[in-house]
Amino acid sequence: MRLLVIEDDPLLLRSLAATLREENYAVDTAVDGADGLFKATSADYDCIILDGMLPVFDGWELLRRLRPVKATPVLMLTARDAVPDRIRGLDAGADDYLTKPFDGEELLARIRALIRRSSGLATSVIGIGVVSIDTGSRSVSHHGREVSLTAREYSLVEYLALHRGKVVSRTELYEHLFDEDDDTLSNLLDVHVSNVRKKLGPDFITTRRGHGYLIE
Amino acid sequence: MNRVFHSVRWRLQIWHALILMGVIVALCMLAFRLAADDRRERIDRELESFERAFMKSFWEMPSRKTQDDHPPTNPSIRDRFMALNDATQFPLEMRDLFDPEAAESTYLAYWDGEGQALFRSANAPDSLQIPSLPESDSDPKARMRGDFRELVHGGPRGFRGVVGRDISADRAALRRLGWQITGSGVLLWFLGLLGGWWLAGRAIKPIAAISQTASRIAGGNVSERIDIANTADELGQLSHTLNDTFERLESAISRQREFTADASHELRTPLTIVLSEISRGLKREREPAEYREILTNCSHAASRMRSLVEGLLVLARQDGDPRNRPRESIDLAAATSETLEMLKPLATRHGITLRSDLQPSFCSADPQAIPIAAANLITNAIVHQASGGSVTVRVFASEGQAVLEVADTGPGIAPEHLPRLFDRFYRIDPARGSDGGHTGLGLAIVRAIAENHQGSITVESSVGAGSTFRFSVPSGESALRA
């Protein structure tokens, strides 16, 4: 999953990005409203974490300009905790609102919930045949036994599972599994797919030549 | 009872009642006295004219001997009196003199100089005795004898006469009049009380309204104001004064709320950093280098919070009790010079040249506050411009003020920011985080210090031309005199 974090305080931005990357998200960053809007409209993120008070133009203004173009889930992070501000944020198009200071675990759980919901899922556990994917604990089990996957492998499985039944192009996978700082080598994706097949069964991921991959 | 004594309305009413009662009682007594005097005078006049009429008739009566031109002698008078036994000789109104039963009518009696009774009307009371000799010959002397009002007059040769009447009926009438007057007085008093109660109520009503509004405002609804119907009268003035006070109360409360909100807002982001870093750090085993990085980040954030708290404390001290402010004679130049020394490393780091022109300028000031003001102004000048610029600091005395001037060659400040530049947490770019220890309180602290010393802080700036801040406090002599 690929996230965009837009926050003007450099120290906080670094901390958030580090925390999210350790949770195996691909994370892009922006420090002001303009840069954030540009990035948010240029790529498909699975979730945007947006600070309210930003230079150039603020988070609420960014939302106003983003919403007509993109339906990306947005979680607003801000020090403004008054009810009118919350209402304003949610009405402007934010899907969730967290006030600073917040608990790190809560932030992660809310991001997971937003991503889950935007994929149309209601629960955090996805069952596909003999494979069970717990998006909460980020673990996968095969025939009830936990399978060890690398971070990238898990991200791949999670993404395909959340878009189950849809063919996901390689480009899309690149976009959502790697952030802008990653070196994208085509082969890397194939290696991950092949490793997943070894661990979860050869039929788990189906290849559509020329189109992409899917989980049926 | 307490309530009665504490209520203005009741006190008004009681005083009104007492005063009104005093006035009415005095009036009633006066009226009664006038009526009594008038009646008494009338009775006396009646007696007098009765007696004169009697005398007239007496002398006009025919008698045995008519001796003209001779003053009547005692014997002849006695004779005339003896001949008085026939009522028909007298006019109608005097006939009762001969009727022993006519006790309510006027009676007469005369005595000669030797004390012999010359005449005693039939209706004269038995108690009537010869009076003592009156002092003057002519003026009748009035006297009360029990129920009888009598006029005693003396004549030539010790002659005495008494004319009188039983006035118990008159007295009864007067008593009745007295009760009537009293009754009316009481009635008037009650009417007066009612009127007074109503009047007091009308006067008190606006006060009650003001008082209720004031309690509501004091109870929490600080934006309400007292309705002023008539601004010119005393209650209108009172309402105005109260409304002004409430205005100041409301703005003080909202300033305080704003301050608390701003302060907690400012602290949230560094707090979030600390929590986020610590939570991240504890999630898994890490290399020492990673832990060090996390701890360093926490330390930076904590430093930021400390700067903020310190700034807030300085401001709070400036806001505090005026009596606790120490004053010493300070040389502004010396304090500024020390501050410049302290800030040299910062200037070097930012690549800024410091220039100074410091002339001794004394002022009476808080020795801890002045260096803070100088430091804030100079630090701002250093950090708000690009490397290569300069900051010029001047201290001089001018027009009774000790002046500190800090000029920089930075980008300048747009005019729309100038009015609010010295507000707490005001930042030209509203989203700029408090990085590098910049808390947004620096100029607010300078302003508070200036105000506490009855001084001033001004700024001249235009975009592209740099800024000049001028901080001045009254200089030594006048400040000490003030």
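## Close-up views of a predicted model

**Figure 1. A:Pro101 sits in the loop that runs between strand E5 (96–99) and helix H5 (104–118) of chain A.** As with every view here, what you see is a predicted model. A cis peptide bond joins A:Lys100 to A:Pro101, and its omega is about -5 degrees. For context, most peptide bonds are trans.

**Figure 2. A:Val56 and A:His143 both have a positive phi, although neither is a glycine.** Most residues other than glycine have a negative phi. For A:Val56 the angle is about 70 degrees, and the residue belongs to the loop between strand E3 (47–51) and helix H3 (59–66) of chain A. For A:His143 the angle is about 55 degrees, and here the loop is the one between strand E8 (139–142) and strand E9 (145–147) of chain A. Are these two residues buried or exposed? A:Val56 counts as exposed because its relative accessible area is 63%. A:His143 is likewise exposed, with a relative accessibility of 57%.

**Figure 3. Helix H3 of chain A has buried residues on one face.** The buried residues of H3(A) are A:Gly59, A:Trp60, A:Leu62, A:Leu63 and A:Leu66. Looking down the axis of H3(A), you will find them within an arc of 160 degrees, so they line one face of the helix. An α-helix has 3.6 residues a turn, so residues three or four places apart point the same way. What do these buried residues pack against? Their partners are helix H2 (33–42) and helix H4 (83–92), together with strands E1 (2–6), E3, E4 (74–78) and E5, in chain A.

**Figure 4. A salt bridge between B:Arg284 and A:Glu22 joins two chains.** Side chains of opposite charge can pair when their charged atoms come close. In this pair the N to O distance is 3.8 Å. B:Arg284 lies in the loop between helix H5 (234–282) and helix H6 (288–319) of chain B, whereas A:Glu22 is in helix H1 (residues 10–22) of chain A, so the contact crosses from one chain to the other. The two partners have their own accessibilities: B:Arg284 is partly exposed at 36%, and A:Glu22 is buried at 17%, a value that falls under the 20% cut-off for buried.

**Figure 5. A:Arg170 and A:Asp190 form a salt bridge within chain A.** Their closest N and O atoms are 2.8 Å apart. This pair links distant parts of the chain, with A:Arg170 in helix H7 (residues 170–177) and A:Asp190 in helix H8 (residues 186–200), 20 residues apart. A:Arg170 counts as partly exposed, with 29% relative accessibility, and A:Asp190 as partly exposed, with 30%.

**Figure 6. B:Glu150 meets B:Arg143 in a salt bridge of chain B.** Their N to O distance is 2.8 Å. B:Glu150 is buried, because its relative accessibility is 0%, while B:Arg143 is partly exposed at 25%. Elsewhere, salt bridges that share partners form one network of A:Glu22, B:Glu277, B:Arg280, B:Arg284, B:Arg286 and B:Glu290. Over all chains, the structure holds 41 salt bridges.

**Figure 7. Nonpolar residues of chain B make a surface patch of about 870 Å².** The patch is made by B:Trp10, B:Ile14, B:Trp15, B:Leu18, B:Ile19, B:Met21, B:Val23, B:Val25 and B:Met29. A good residue to zoom in on is B:Met29, found in helix H2 (residues 8–60) of chain B. B:Met29 counts as exposed because its relative accessibility is 56%.

**Figure 8. Two cysteines of chain B, B:Cys28 and B:Cys363, are buried.** B:Cys28 has a relative accessibility of 18%, and B:Cys363 has a relative accessible area of 0%. How many disulfides does a search of the whole structure find? The search finds 0 over all chains.

**Figure 9. Chain A is built with 8 helices and 11 strands.** This last view steps back to take in the chain. Of its 216 residues, 53% count as buried. Among the contacts in chain A with a separation of 6 or more, 57% come from residues 24 or more positions apart. Chain A exposes about 9,400 Å², and carbon and sulfur atoms supply 49% of that area.

Note on methods
Residues are numbered from 1 along each chain as its sequence is written. Chains are lettered from A and ligands numbered from 1 in the order in which they are written. This is a predicted model: local features need pLDDT of at least 70, side-chain atom pairs count only at pLDDT 80 or more; totals for chains, interfaces and linings use all residues. Side-chain values use heavy atoms; hydrogens and water are left out. Patches are made of residues with over 30% relative accessible area and no salt bridge: like charges are joined within 9 Å, nonpolar side chains (Val, Leu, Ile, Met, Phe, Trp, Tyr) within 5 Å. Accessible areas come from the Shrake-Rupley method with a 1.4 Å probe; for residues, only the protein chains shown count as cover. A salt bridge is a side-chain nitrogen of Lys or Arg within 4 Å of a carboxyl oxygen of Asp or Glu. Helices (H or I, at least four residues) and strands (E, at least two) are DSSP runs, numbered from the N terminus. Buried means under 20% relative accessible area, exposed over 50%, partly exposed in between (1.4 Å probe, protein chains only). A disulfide is a pair of cysteine sulfur atoms within 2.5 Å. The arc is that of the directions from the helix axis to the C-beta atoms. Contact means heavy atoms within 4.5 Å.
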